[in-house]
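Reader: I've got a protein model open and I'm not sure where to start. Could you talk me through it, one question at a time?

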Amino acid sequence: MQAKTPEQSKTTLTDMVLPGETNPLNNLFGGELLARMDRAASIAARRHSRRIVVTASVNHVAFNKAVPLGSVVTVEAKVSRAFKTSMEVFIDVWIEDRESGEKSKANEAIYTFVAVDDTGRPVSVPEVHPQTNLEKERFDAALRRKQLSLLLAGKITPDKATELKALFE
């Protein structure tokens with residue numbers, strides 16, 4: 001299986017925030033943004049694995065800026081790291097200023113997907129070879145995040161969380 005770069009999985013979805021998608025403050029519902037991020041991330045994971053993918057977890061979401069009614073929202077997703085059958089997908093959310101057209105980062109998230117066959121059984125996925133400094137940072141951090149998740153779930157013992165231990169040495 002040939003390794004792929006994060007850029008090969010890049011998925012960009014751009015849409016406008018409509019009145020039926022907003023809360024009483026006229027900002028995009030968080031759940032609506034989560035759904036948009038899930039769609040973009042699933043396409044990125046599918047592009048990377050060329051398999052059916054299922055959302056395994058939403059590892060992190062940061063709602064840093066409200067997304068106002070009428071905003072143009074761009075959700076960009078890339079596979080940041082692949083493990084045996086799972087892929088971490090990093091998602092950046094940008095909003096475009098209505099008057100200047102300038103884009104600013106509003107939110108980010110990290111989702112995990114698992115590639116499966118037609119019967120729903122997990123299947124192997126290609127490795128990721130990061131190219132840019134940001135891709136390399138996200139790639140390295142993905143292993144720490146995975147180890148922390150496994151540690152908290154009781155699936156590994158602290159002595160097996162080598163990447164986490166290295167942070168404190």
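Reader: What is the relative accessible area of Trp 94?
Author: This is a predicted model, where local features need pLDDT of at least 70 and side-chain atom pairs count only at pLDDT 80 or more, while totals for chains, interfaces and linings use all residues. Residues are numbered from 1 along each chain as its sequence is written, and side-chain values use heavy atoms, with hydrogens and water left out. Buried means under 20% relative accessible area, exposed means over 50%, and partly exposed is in between (1.4 Å probe, protein chains only). Trp 94 counts as partly exposed because its relative accessible area is 28%.

Reader: Okay, in which strand does Trp 94 lie?
Author: Helices and strands here are DSSP runs, numbered from the N terminus: helices are H or I with at least four residues, and strands are E with at least two. By that rule, Trp 94 belongs to strand S4.

Reader: Which residues is Trp 94 in contact with, leaving aside its neighbours within four places in sequence?
Author: Contact means heavy atoms within 4.5 Å. One stretch that Trp 94 touches includes Val 72, Val 73 and Thr 74. Beyond those, the others on its list are Ser 104, Lys 105 and Ala 106.

Reader: And what distance separates the C-alpha atoms of Trp 94 and Lys 65?
Author: Along the chain, these two are 29 residues apart. In space, their C-alpha atoms are separated by 9.8 Å.

Reader: Which strand forms a hairpin with S3?
Author: Two strands pair if DSSP finds at least two bridges between them. S3 (residues 72-82) and S4 (residues 86-96) pair in the antiparallel sense over ten bridges, and one bridge joins Ala 82 to Met 87. Three residues sit between the two strands, so to speak at the turn of the hairpin, and the partner of S3 is S4.

Reader: Which residue in S3 is the bridge partner of Leu 13?
Author: S3 also pairs with strand S1 (residues 11-16), again in the antiparallel sense, over six bridges. In S3, the residue that bridges to Leu 13 is Val 75.

Reader: How many residues of strand S3 are buried?
Author: S3 has eleven residues and is mostly covered. The buried count is nine.

Reader: Which helix gives the largest share of the largest nonpolar core?
Author: A nonpolar core is a set of buried Ala, Val, Leu, Ile, Met, Phe, Trp, Tyr and Cys residues joined through side-chain atoms within 4.5 Å. The largest one has 29 residues, and Met 37, Met 87, Val 89, Ile 91 and Phe 113 have the most contacts inside it. Helix H1 (30-49), S3, S4 and strand S5 (103-116) each supply at least two of its residues. The largest share, six residues, comes from H1.

Reader: Why would nonpolar residues group like that?
Author: There's a general trend behind it, which is about soluble globular proteins. In those, nonpolar side chains tend to be buried together.

Reader: Which residues does Ile 91 touch, not counting residues up to four places away in sequence?
Author: Ile 91 is one of the core residues with the most contacts inside that core. Its neighbours include Met 37 and Ala 41, and also Val 75, Glu 76 and Ala 77. The rest of its list is Asn 107, Glu 108, Ala 109 and Tyr 111.
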